[in-house]
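Work through the exercises below with the sequence and the 3D view open. Try each task before you read its solution.

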Amino acid sequence: MRTGCMELMSMEDQHARVPALEPFLVEQAPPVIYYVPDFISNEEEEYLLRQVFNAPKPKWTQLSGRKLQNWGGLPHPRGMVPERLPLWLQRYVDKVSDLSLFGGLPANHVLVNQYLPGEGIMPHEDGPLYYPTVSTISLGSHTMLDLYKPRQPEEEDGPAEQPRQPPRPTTSLLLEPRSLLVLRGTAYTGLLHGIAAASVDELDATSLPPNAAACRLAQPGARLVRDTRISLTIRRVPRVLRTGLLLSK
């Protein structure tokens, strides 16, 4: 089965493979997706949650469907003004960077998202400000990450009198607490990803997520109730401004 997948895989996707993560490749899913269960321990999860919730209130930004913390600088097309990561985050940024996900360079940016039960995020792409890899550590609760094909122009310009149908995911992944998810290749550049605003996830008794074999919660017919989830999205912003250059202008 894997041989056939390799034959269909584009050159971009073949280059996106990560040798250190090959045992965690998600088969029967758009390339290239890695899912690592128990990437951190229970104690590390508790430590990270304490640090997130102890962050100063001004560090939080409230959005319509979630709130977040931005660490490392504010990504911008002209370049990111870097900020030193706190030690409690740097340790885990280093752990992810050691997997060689970012072209041999370290990650330098972390987005901390809080999702309450019933909150989610619309299908989106991370865009060109980042190295084409996104890595996410989940804390506190599971969720379902949905992957979508981008809308085609003819879908956008359909008859006005016809209500637009909500998009259907190409596939959905179960993300358990303490896991690491990595999206690269087509899964990053060719698909949108999002989280439905739901409080409960019911797993189809006949069709489990493609990463189900690595998930303890993925039982046929399971009814999974979401709790508050914290995600650490660890990425690399390639375009970084040197502080000295800014001060000289």
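The exercises that follow concern a predicted model.

**Exercise 1. The overall picture**

Task: State how many helices and strands the protein has, and what share of its residues counts as buried.

Solution.
- Step 1: Count the elements. There are 7 helices and 13 strands.
- Step 2: Turn to burial. The protein has 249 residues, and 48% of them count as buried.
- Step 3: Look at the surface. About 13500 Å² is exposed, and carbon and sulfur atoms supply 55% of that area.
- Step 4: Check how the chain meets itself. Take the contacts between residues at least 6 apart in sequence; 79% of these join residues at least 24 apart.

**Exercise 2. A salt bridge between two loops**

Task: Find the salt-bridge partner of D38, and say where both residues lie.

Solution.
- Step 1: Recall the principle. Side chains of opposite charge can pair when their charged atoms come close.
- Step 2: Find the partner. D38 pairs with R216, with 3.0 Å between the closest N and O atoms.
- Step 3: Place both residues. D38 sits in the loop between β1 (33-36) and α3 (42-53), while R216 sits in the loop between β11 (200-202) and β12 (223-225). The two are 178 residues apart, so this pair links distant parts of the chain.- Step 4: Judge the exposure. D38 is partly exposed, at 39% relative accessibility. R216 reaches 52%, and counts as exposed because the cut-off is over 50%.
- Step 5: Check the backbone of D38. Its phi is positive, about 50 degrees, although D38 is not a glycine.

**Exercise 3. Two further salt bridges**

Task: The structure holds 8 salt bridges. Describe the one between R91 and E44, then the one between R223 and E202.

Solution.
- Step 1: Start with R91 and E44. Their closest N and O atoms are 3.4 Å apart.
- Step 2: Place this pair. R91 belongs to helix α4 (residues 87-97) and E44 to helix α3, 47 residues apart.
- Step 3: Test E44 for burial. Its relative accessibility is 15%, so E44 counts as buried; the limit is under 20%.
- Step 4: Move to R223 and E202. Their side chains meet in a salt bridge of 3.6 Å, N to O.
- Step 5: Place this second pair. R223 lies in strand β12 and E202 in strand β11, so the bridge ties together parts 21 residues apart in sequence.
- Step 6: Compare each value with the cut-off. R223 is exposed at 56%, and E202 is exposed at 61%.
- Step 7: Look for shared partners. Salt bridges join D38, E45, R178 and R216 into one network.

**Exercise 4. A residue in a loop**

Task: Decide whether N211 is buried or exposed, and list its contacts beyond four places in sequence.

Solution.
- Step 1: Locate N211. It is in the loop between β11 and β12.
- Step 2: Read its accessibility. The relative accessible area of N211 is 4%, so N211 is buried.
- Step 3: List the contacts. Leaving aside neighbours within four places, N211 touches V26, Y35, L173 and L174.

**Exercise 5. The nonpolar cores**

Task: Name the residues of the largest nonpolar core that touch the most other members, and find which element gives the most to this core.

Solution.
- Step 1: Find the best-connected members. The core has 34 residues, and V110, I137 and L232 touch the most other members.
- Step 2: Trace the contributors. At least two residues each come from β1, α3, α4, β4 (109-115), β6 (134-139), β9 (180-183) and β13 (229-235).
- Step 3: Pick the top contributor. α4 gives the most, with 5 residues.
- Step 4: Zoom in on I137. Beyond its neighbours within four places in sequence, its contacts include F39, Y92, V96, L180 and L232.
- Step 5: Look for another core. One lies apart, with 28 residues, among them I33, L147, A218 and V237.

**Exercise 6. Backbone details before β1**

Task: Find the cis peptide bond that leads to V32, and give the phi of Q28.

Solution.
- Step 1: Find the bond. The peptide bond from P31 to V32 is cis, and its omega is near 0 degrees.
- Step 2: Place V32. It is in the loop between α2 (11-15) and β1.
- Step 3: Turn to Q28. Its phi is near 55 degrees, a positive value in a residue other than glycine.
- Step 4: Place Q28. The loop between α2 and β1 holds this residue.
- Step 5: Read its accessibility. Q28 has a relative accessible area of 53%, so Q28 is exposed.

Terms used:
Residues numbered from 1 in each chain as written. Predicted model: local features only at pLDDT ≥ 70, side-chain atom pairs only at ≥ 80, totals over all residues. Heavy atoms only, no water. Helix = DSSP H or I, 4+ residues; strand = E, 2+ residues; numbered from the N terminus. Buried < 20%, exposed > 50% of the residue type's maximum accessible area, 1.4 Å probe, protein only. Contact = heavy atoms within 4.5 Å. Areas by Shrake-Rupley, 256 points an atom, 1.4 Å probe, with all protein chains shown as cover. Salt bridge = Lys/Arg side-chain N within 4 Å of Asp/Glu carboxyl O. Core = buried A, V, L, I, M, F, W, Y, C linked by side-chain atoms within 4.5 Å.
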